[in-house]
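Reader: I should like a close look at one part of this model, namely its salt bridges and the setting in which their partners lie. Please treat the matter in a connected account.

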Amino acid sequence: MLDDPRTVRITGDDIAAVFRRADDVDAETDPTTDSRRDGPVPEAYVWCNLTSGNGSRALWLLLLPFMVVNLAHWMRPSTHGRTRTVRLYGLLVRLAGLSLTVLFVAAACEVALDLTAWQCAGTSACAERHSWLGFLSPEASDGGWWSLPGRRLALASLVPAALTGLLWYLSRRTWSDYESQQPMTHPSDPEEDNAASVPTALGRPGFWYGRRLVARLRAAHTAAALLTVAAAVGTSAARHDSAAGGSTSLDLAGRLLEAALVVGAAAVLWVVCRRGRTERRLDCRLDRTVVRGLPLAALALFALTLLYAAWDRPGWESTGRLPGDATFGAIVLGQGLLVTALAVVAHLLHRTRPDGRAAMHGLGGPAVAMLACALGGVMSGGVAQRVADWLDGTGASIPGPPVLLTWQASAIPPLLVLLLVLCAELARRTWLLARAERAAVERDHPHDVRDPGRTRRIATMRAMARLTDRAPLIVAVTATATLLLGAGALLGALATDKTPGEAADDSYAFVHGAAQAAEALGSWLIGFGFVLFVTWGRRAYKDPSARRTIGILWDVGTFWPRAAHPFAPPCYAERAVPDLTWRVATWTRVTGGRLVISGHSQGSVLAAATAWQLPPSVRKRVALLTYGSPLERLYGRWFPAHFGPDALLSLHHEVACWRNLYRITDPIGGPVRLPGACGPEVDGEALKDPLAYGRTELLPLPAPILGHSDYQADPAFAEERQRLLARLRPDVPAPRRHTARGDGAAPKGETDPEGEPPQDSSGRSSP
């Protein structure tokens, strides 16, 4: 980024920091810098370790469904008014996130309690194959103390409880590292305090400070997870005690315990349903009663449940399955209803202010929420089926996982067939588009000698770059098919209580064969996906390059605050945006200088977010240079309420000047597309790619097709930056020379004969 091997960290730590070239360290205070400098002083803000730092980042793969549902919260359509409807949208997404936590823990209970402690340990043939379960088996241990079903369940419940504790710890640690970074405060503008006059919430003081909300949601989700484990243990014992011949005192205790679980669930729902975020100010409060009391109360209830389940019950034996079908069926049904309601609310919001560029006509959020639920179901079902196969590969000694999970696995092959057909159609369209682009390539290079191979490669890159714009179609088809197939799987499991192959025994031979094939292939695909997932995570844990590849996914997924799920990977922008805001504001205040913030790819999104957070007086001393930017192509379409046309237009008017560079061959970046006369002021002509069609005197070797990378290698980059610096200069009075450093951020600048020229502050370019 600095184009110099000798760099010095100016401010920051090992996670994120600002760097300069060694010759520019004392640019503000050293008079000899003027003789060495031949242009603006560049600075680089390096934030890659926020998304792909140490090996623990690989564990974030397990939190993928939580991250995806959190994205759905920020995908709501833009609207006028409709405050209550907007709050209802956020509430539905938070409830969907809560259902994913319950599903995640229920899957752990299915593995530890049902498959292992209840079925395998309670069956002599299965327990004999796994000697480590001998002390839990009534036959192998000769009726040992741990062999009673309630005590087996109580011991096995420590596994999902430990998993809950791990999620709480990870969320608590990242909360203290990210959400607790307090943004810069500045005197409020009366117009900015009016929510109706602010085109995007990213400019509000409390947007990047979600400390209170994440703490409250963390308490609610932790309590929900513990209550789920307690219900899995306690309801089985209560069902036995309520049967004829059970103990009256234990029956009463079981009923009281179930009532307490209902009260706890109601308390969790009350906390989740409260208003989500306060963005108009820095909300430094912390609901300590809820944050501490709710998880501790759930933990105490869980301990009482273990004591209740471990009580001696002569004659109680474990047969069949635990009531997992009803549990998973209720979760799937609830998620389907939530997604459907979310789609209705999103449609109502979109109708109030239609946006032709919004993905899926404003239904991107519900579609992504559906994908998050499907991903959670596949992951949980995959783990349960793989453990069942490991415990009882023949499927003869134990009943296995709930039949609903088998139905869900059987829905995967039809979904993949549909996606393959869709991909084939997109490939056909891309091929046709590439053929049409060949003529455009030849028109762009009329004086060069024709090279059919070169023309074909350039045209193919242009056509493939447009596949990004087809993402809404792929997401829409996948989400709709997933919803319909999931509903069919739920109905099939509830109606037959058999696996698809068994349910089709009396049907036509073709139907029976198709059901058996889908069931077997679905189970194999889930197993393959599970192995691939573990392998990918292990490689990412050990290999920094693989971790950086996964970091590309986190660049978009963890840009947004954790407003819907506290166990999602942390929001790196809650560290990066305050870092940049402090640096820019303090440097301009101390030196009186002006600067250009240049950002590539996701760095351009951070640059825009930083500009919105700056005080208005500082904003007018800042120019933006974005290149390979997804501001409109990705964020404007999928997050219209925050990066819609009005928000980007306001950014153009609020900063001193803004230029955006893009290429036709870039699959990620694109034009900003501001309306009216403002469009050409920001977007120029698309940059040439490659820089030369054939061999030239300046480029005697074939120039590569750069696509999304190496924008700074194009001479147009330096030209546009120089124009921005020149446009900044007349409006800024000559500053004084400062020798004192400012507060905390150690602002830096430089001097020239006319004062301090602009500074170039670069954002980290994503791979």
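**Salt bridges and their surroundings**

Author: Arg633 has a relative accessible area of 12% and is therefore buried. In this predicted model, Arg633 forms a salt bridge with Asp469, and the closest N and O atoms are 3.1 Å apart. The two partners belong to distant parts of the chain, 164 residues apart: Arg633 is in helix α24 (residues 631–638), whereas Asp469 is in the loop between α16 (452–465) and α17 (471–496). Asp469 counts as partly exposed, at 33% relative accessibility. A network also appears among the salt bridges: Glu437, Asp444, Arg462 and Arg466 are joined through shared partners.

A further pair is formed by Arg353 and Asp646, whose side chains meet in a salt bridge at 1.7 Å, N to O. Arg353 lies in the loop between α12 (324–352) and α13 (364–391) and Asp646 in helix α26 (residues 645–654), so this salt bridge ties together parts that are 293 residues apart in sequence. Both side chains fall in the intermediate class of accessibility: Arg353 is partly exposed with a relative accessible area of 24%, and Asp646 is partly exposed at 37%.

Arg9 and Asp14 form another salt bridge, with the closest N and O atoms 3.0 Å apart. Here Arg9 is partly exposed, at 41% relative accessibility, while Asp14 is exposed, with a relative accessible area of 65%. Over the whole structure, a search finds 26 salt bridges.

The nonpolar surroundings complete the account. The largest nonpolar core has 156 residues, of which Phe559, Trp560 and Phe643 touch the most other members. Helix α4 (residues 83–120) gives the most to this core, with 19 residues. Leaving aside neighbours within four places in sequence, the contacts of Phe643 include Leu202, Phe559, Trp560 and Val605, as well as Trp612, Leu631, Tyr635, Gly636 and Leu648. A second, separate core comprises 14 residues, among them Cys657, Leu687, Tyr711 and Leu728.

As to confidence, the chain averages a pLDDT of 85, and 88% of the residues score at least 70. Over residues 763–767 the pLDDT is below 50, and this stretch has 22 contacts in the model beyond near neighbours in sequence. For residues 731–758 the pLDDT stays under 50 as well, and the model has 96 contacts for them beyond four places in sequence.

Note on methods
Residues numbered from 1 in each chain as written. Predicted model: local features only at pLDDT ≥ 70, side-chain atom pairs only at ≥ 80, totals over all residues. Heavy atoms only, no water. pLDDT = per-residue confidence, 0-100. Contact = heavy atoms within 4.5 Å. Core = buried A, V, L, I, M, F, W, Y, C linked by side-chain atoms within 4.5 Å. Buried < 20%, exposed > 50% of the residue type's maximum accessible area, 1.4 Å probe, protein only. Helix = DSSP H or I, 4+ residues; strand = E, 2+ residues; numbered from the N terminus. Salt bridge = Lys/Arg side-chain N within 4 Å of Asp/Glu carboxyl O.
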